[in-house]
Amino acid sequence: MNDNMHHYDEQLINLIIDLQDRGFNHDFVIEKEYIRCLQYNELISPDDFDILETYHCKSSGKNNDCSLVYAIRLINHDMKGILMSDYGVYIKGMSLSLWSKFNNVIRLNLSVIK
């Protein structure tokens with residue numbers, strides 16, 4: 001692993017640790033028109049969660065790897081968690097409603113970690 005990739009991994013790990021320290025303890029994945037909480041195997045519609053923070057972690061290496069990290073809070077539950085996705089993969093199979101929610105947040109509230 002080269003130094004740039006190591007730095008990228010370290011930044012991503014530090015970001016996740018910081019979010020977990022602040023109570024973002026659940027894991028979410030994108031599943032077509034929903035997100036799924038992995039701990040409870042529960043599907044959550046776009047209307048039932050807020051995206052509180054968004055991070056774009058970019059490698060400075062030759063692979064130009066990049067991840068999107070979202071800090072998510074469920075509206076009607078006391079539950080917060082993290083959704084991570086590779087930049088090029090995150091929209092595949094996503095519904096228009098879910099894509100719109102993520103896209104609006106990316107445009108308005110993007111923090112870049114280098």
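These legends accompany several close-up views of a predicted model.

**View 1. Strand β6 beside strand β1.** Let's begin with the parallel pair. Strand β1 covers residues 26–31 and strand β6 covers residues 80–86. The two run parallel and are joined by three bridges. To find your place in this view, look for H26, which stands opposite G81 in β6.

**View 2. Strand β6 beside strand β5.** Here the partner of β6 is strand β5, made up of residues 66–74. This pairing is antiparallel, and seven bridges hold the record of it. A handy landmark is S67, which has D86 of β6 opposite. Follow the chain from β5 into β6 and you pass through a hairpin, whose connection consists of five residues.

**View 3. R22 and its partner D18.** Now we turn to side chains; the model has four salt bridges. One of them links R22 to D18, with 3.1 Å between the closest N and O atoms. Are these two residues buried or exposed? Neither label fits, because the relative accessibility of R22 is 34% and R22 therefore counts as partly exposed. D18 also counts as partly exposed, because its relative accessibility is 35%.

**View 4. R22 and its partner E53.** R22 appears again in this view, this time in a salt bridge with E53. The closest N and O atoms of this pair are 2.8 Å apart. R22 sits in the loop between α1 (3–21) and β1, while E53 belongs to strand β4 (residues 49–58), so the salt bridge ties together parts that lie 31 residues apart in sequence. E53 counts as buried because its relative accessibility is 18%, and the cut-off for buried is under 20%.

**View 5. The network around R22.** Put the previous two views together and a network of salt bridges comes into sight, linking D18, R22 and E53. Within this trio, R22 forms a salt bridge with D18 and another with E53.

**View 6. E31 and R36.** Our last stop is the salt bridge between E31 and R36. How far apart are the closest N and O atoms? They are 2.6 Å apart. With a relative accessible area of 30%, E31 is partly exposed. R36 has a relative accessibility of 15%, so R36 counts as buried. For those tracing the chain, residue 31 also falls within the range given for strand β1, residues 26–31.

Note on methods. Residues are numbered from 1 along each chain as its sequence is written. This is a predicted model: local features need pLDDT of at least 70, side-chain atom pairs count only at pLDDT 80 or more; totals for chains, interfaces and linings use all residues. Side-chain values use heavy atoms; hydrogens and water are left out. Two strands pair if DSSP finds at least two bridges between them. Helices (H or I, at least four residues) and strands (E, at least two) are DSSP runs, numbered from the N terminus. Buried means under 20% relative accessible area, exposed over 50%, partly exposed in between (1.4 Å probe, protein chains only).
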